[in-house]
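Biologist: I'd like to go through the labels on this one. Can you back each of them up for me?

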2 protein chains.
Amino acid sequence: MPNSEQDFLSLIDRHFPNRGGRVLLGRGDDCAVLDPGGPDGRLCISTDLFVEDVHFRRSYFSPADIGHKALAAAASDLAGMGAEPVGFALSLSLPGDVTDSFLDQMLAGMAALSERLGLPLVGGDLSQGPVLALDVVVLGRPGPSGRLLKRGQGKPGDALLLAGDIGLARAGLLEMECHGKCDPGSWPGARAAHLRPEPRLAYGLALAQIETPDGPAVSGLMDVSDGLARDLPRFLGLCGADLSFGINDLHPEVAAYFTGRGKDPVEEAILGGEDYALLACADPERLPMVLAVLPQVRVIGRVSATPGVRLNSGQVLRQGFDHFAKPGTEL
Amino acid sequence: MPNSEQDFLSLIDRHFPNRGGRVLLGRGDDCAVLDPGGPDGRLCISTDLFVEDVHFRRSYFSPADIGHKALAAAASDLAGMGAEPVGFALSLSLPGDVTDSFLDQMLAGMAALSERLGLPLVGGDLSQGPVLALDVVVLGRPGPSGRLLKRGQGKPGDALLLAGDIGLARAGLLEMECHGKCDPGSWPGARAAHLRPEPRLAYGLALAQIETPDGPAVSGLMDVSDGLARDLPRFLGLCGADLSFGINDLHPEVAAYFTGRGKDPVEEAILGGEDYALLACADPERLPMVLAVLPQVRVIGRVSATPGVRLNSGQVLRQGFDHFAKPGTEL
């Protein structure tokens, strides 16, 4: 814990620049003042709470991992709208056993991602508290196309698209809950996916900008943070879906990790959680343009007029467990 | 704790409308989307953490008091810029012993203030956690004049103005820390000031709009949340001040409470804390216009070129204790 207010403000200022860009008045007054810019005055806002022993453990997260992931998880919601970053606010609850060095490394991990994403710190608050908790509020704006992409926009026949791996962070979580942080040489992709997820802001923004002669290529977008099994029904609204998704569509570590434990890797990947992948839908005639611009995006199925989600023409997908089996509920 | 995600979202929706006004896309997608409006694209943002046993106690705060004060404290920072409300986000950390009824009352207390202030809920997050904690992020915009009022703007000779009582919430805190919630008939004003502070948004906004033939009447503004002794030096920047402030300037309960305990009520009022009063400065020639528009605002002294703060031509004011003697540090 910093010894004085000035120590803490100096620490924050050392890690996060307090001027420039869209920040008209930086930290230190009653409010910060921003000029969000963008093609119109619209603003996106989303919040993510990141609480010790609910969302992360100090036993296998490094301080820098904690700082990184708290911001990454919040920023992923901007990616899920196809928004450009404007800024973020951080509220920190610090228990007495957090050392200056720990705090310094945690802020450094957050600051590195903040700088890389172009998402400046524009305010926050600090309090004592019984556990380490970080609340991150992100602000974004539409990109040049002026489009922000919502859920529930898919029409029957639309292609379902996925950017990013699913199930990898789940394997990392299970591995580290079981074996802790030691032997980091095993399942490095899975561990990294859980500890250092990468918010797909560039993908989200690109998906929202793609134009075809008939109009926007992508009609709906969302970030997959609670697992495809729970997020896909939210994305589809009243529609259903037919997925074509096999073991070859998985990251090799996901296939190996779950197969080696006698589990179905496709089912585990679809249960997933904290994937921070992006799920999108596109009219099939406009799909080639999307794949030309973003060849890494994969088609994982089609929107269907028949409710429910079917996997590989057979098995009906479990609708996923209730959100409260997991730690939180984002509004 | 709500039994399911749907229960929680229904509870939130019952208390907080999810459409209308400046909310273009309400809660339920990756982000909410706002149109802040205002005379230009500028946006104010501020954050306030409100943590059990650091900022409040469940022993003498009712659930509705907790909801009210968490939002009031954050909204006061908008008042301190002279900003108009746009919206707020709420992150809730709920321990297992919070009942549905407690949560319902807490949200009702917050919703009543939200509606009264015209400050809609535009997002948030929920997590389990070891203590009850509320993190509130408020967004605002400039009023019709386009002015947002900062600290550090006072020039020597400027009048120092105060809107609201100081020391009243301090008396309430001391009384309830000592005697709890019973006998609420004694010191009702002090108790209410601590439990149910009123953010002075209308005053702040009005102060930022007043025009004289020579220009804006008010040049600087801040909310007094850490006590005048600590906030006044922040407001003055490199300047000093001469205060004229006596027992007759105090709320009668402040005078009686501290006098009865052998303390100097003026000094205790200036130490204060959680007053949520507004401190402003105005050129003396433009002062009559301020007092004509807002007669409740009191002149409490003058800005001086001589550093330091002097009280009633004598005693040099203690500069206040360090912020970390108090629970938090707002950026």
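Modeller: Sure, starting with helix 7 of chain A: A:L228, A:A229, A:R230, A:D231, A:L232, A:F235 and A:L236 are its buried residues. It's a predicted model, where local features need pLDDT of at least 70 and side-chain atom pairs count only at pLDDT 80 or more, while totals for chains, interfaces and linings use all residues. Residues are numbered from 1 along each chain as its sequence is written, with chains lettered from A and ligands numbered from 1 in the order in which they are written.

Biologist: What makes helix 7 of chain A largely enclosed by the rest of the structure?

Modeller: Buried means 20 or more other C-beta atoms within 10 Å of the residue's own, placed from the backbone (12 or fewer is exposed, in between is partly exposed). In helix 7 of chain A, 7 of the 9 residues are buried, so that's the label it gets. The cover includes strand 10 (218–224) and helix 9 (265–271) of chain A.

Biologist: Why are helix 4 and helix 5 of chain A called roughly perpendicular?

Modeller: They pack at about 95°, axes 7 Å apart. Roughly perpendicular covers 65 to 115 degrees (under 35 is roughly parallel, over 145 roughly antiparallel, the rest oblique), so the label fits helix 4 and helix 5 of chain A.

Biologist: How do you know that the two copies are related as by a two-fold rotation axis?

Modeller: A turn of 180° and a shift of 0.0 Å along the axis lay chain B on chain A with an RMSD of 0.0 Å. The two copies are thus related as by a two-fold axis. In chain B, B:G41 comes closest to that axis, its C-alpha at 2.9 Å.

Methods: Helices (H or I, at least four residues) and strands (E, at least two) are DSSP runs, numbered from the N terminus. Two residues are in contact if their C-beta atoms, placed from the backbone, lie within 7 Å. Axes are lines fitted to C-alpha atoms, for helices over the stretch in contact, and angles run from 0 to 180 degrees between N-to-C directions. Copies are superposed by least squares on the C-alpha atoms of residues with pLDDT of at least 70 in both.
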